[in-house]
Amino acid sequence: KQWYQRRVREDCRDLMDPAADPGSLDLILEGDKKRKLEGSFKIPKKKRTDSESKDEPKIVLSPVKDEIKKDPPKVPKIKKKKVTDLEKDEPYSPPMKDKPKGPLLDKPVQKLALLETPKMALLDTPEPEEADLPNTPPSEEDRTRCGLDVPKSVIVQEYVTLTDGSKHVLTREIWRKIFKYLAPGNLVQCMKCCKVWLEWISDPIFWPSINLSRYGPIFPDTLKSVVLRQPVEIDLSYCTITRKQCDWLLPRLPNLRTIRLSGLPMNIIGSLNGPLVSNLRHIDLRWVDDLNDWGLRDLLSVSAGRDQKPRFRDLQGLQLSGCPLTDDVINNIIRYCPNLRHLDLSYNNNMNDRVVEAICASDLIYSLTKLDFSGCPHITDKSLLMMKKCYDLNWLDFRSCREITRGACVRFAHSFKKELIITEDKLIHPPTVEVYN
């Protein structure tokens, strides 16, 4: 109100004669109030001078309410960027609350871990908590196992150019034979030597398996590096990969045969139902807490193509250690995976002799070679008598089974048609097989 009166006084003072009585301004204000109530109030406009800016916002007083309306500032129009086909095919990158700080912010070093010689992992590995999962770029120790992006070049150099401009005596084929004898960690160090070695070692022949377990967050560049190398085996156990990233990655790996998804939620495991994921031969789903009988049946019973056959009918290995499954799950496994060779049902309190009886009554007796029931307290010596029907069986693990006696294992090993030995308390296997703890 005070601002309104002061503005009216200034406008009226400019229109009045300088010799007029200053008290006449009060009379003008009283007349303005009457005209305001009648709806015909209007403040006389002040003429602009050339010195005033034309971009000054206009101020208009409402005739009904004592409010101020300003013209909205002009916002420049932003032209929408056209999205190309290549950008549509980019992998999904999850939003990060805490962005990494430091010199790695501009160009973060992406991690591409390398899987060494596969060994039997510990079955009692606990699932990590969310607070234990890293949310920063890889450290210096992780970078020793990281791979770099493959340079986009058309012509492959056959020689390494030295500093004096001459060519090295060893050709590309000789170097490739040398690189085959190096461990994955040493190969990564060689990739940092020069661009020529980086291009040579980035060949998929040197990366049959990739390990991204317990790593996070996974950046889009990491997924691109995995696709460029086309591995046969990939380990995503306990990593922080998202469902969108998994849906983007798996269809682009046609040569993938083994996938490890231990400790991941069932939401991410559901990406195996994709239309282009049907060439797998080994699936590791150990310690998936929310995997039940219905979830496993939906995963295995998805049909591929017009023949209406199970998608994983050629699956040879299935690991379900530590999953909350019942003894009825064996019926779905027998029905949808008739060619299984390796079955892991260890550390499950619901497994009993009925499971072994169902296996021996099915066609799995002709294909099953490895069976793991370690940590199942309800498996008894009766199961050993029924397992003699399995013709190709050469690995039986009954460690930590309280109802299985060592004497029954000895009798089974001596009466079986193949030569078997017993090591590490109720572990039955051929004498030439190396055992990993």
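A disulfide is defined here as a pair of cysteine sulfur atoms within 2.5 Å. By this criterion, the predicted model contains zero disulfides. For Cys-239, the nearest cysteine sulfur belongs to Cys-246 and lies 7.9 Å away, so the pair does not meet the 2.5 Å limit and Cys-239 is in no disulfide. The residue Cys-239 is buried, its relative accessible area being 6%. Cys-401 likewise takes part in no disulfide; its nearest cysteine sulfur, that of Cys-376, is found at 5.6 Å. With a relative accessibility of 1%, Cys-401 is also classed as buried.

The nonpolar interior was examined next. The largest nonpolar core comprises 77 residues, and within this core the members that touch the most others are Leu-272, Leu-320, Leu-343 and Phe-373. Two or more residues are contributed to this core by each of the helices α8 (220–229), α9 (243–249), α10 (266–269), α11 (293–300), α12 (329–336), α13 (353–360), α14 (382–386) and α15 (406–415). Helix α13 supplies the largest share, amounting to five residues.

The surroundings of Phe-373 were then considered. When residues up to four places away in sequence are not counted, Phe-373 touches Leu-345, Ser-346, Val-355, Val-356, Ile-359, Ile-379, Met-387, Asp-397, Phe-398 and Cys-401. The contacts of Phe-373 thus include Cys-401, the buried cysteine described above.

A second core, separate from the one just described, consists of 14 residues, among them Cys-190, Trp-197, Trp-200 and Trp-207.

Key: Residues are numbered from 1 along each chain as its sequence is written. This is a predicted model: local features need pLDDT of at least 70, side-chain atom pairs count only at pLDDT 80 or more; totals for chains, interfaces and linings use all residues. Side-chain values use heavy atoms; hydrogens and water are left out. Buried means under 20% relative accessible area, exposed over 50%, partly exposed in between (1.4 Å probe, protein chains only). A nonpolar core is a set of buried Ala, Val, Leu, Ile, Met, Phe, Trp, Tyr and Cys residues joined through side-chain atoms within 4.5 Å. Helices (H or I, at least four residues) and strands (E, at least two) are DSSP runs, numbered from the N terminus. Contact means heavy atoms within 4.5 Å.
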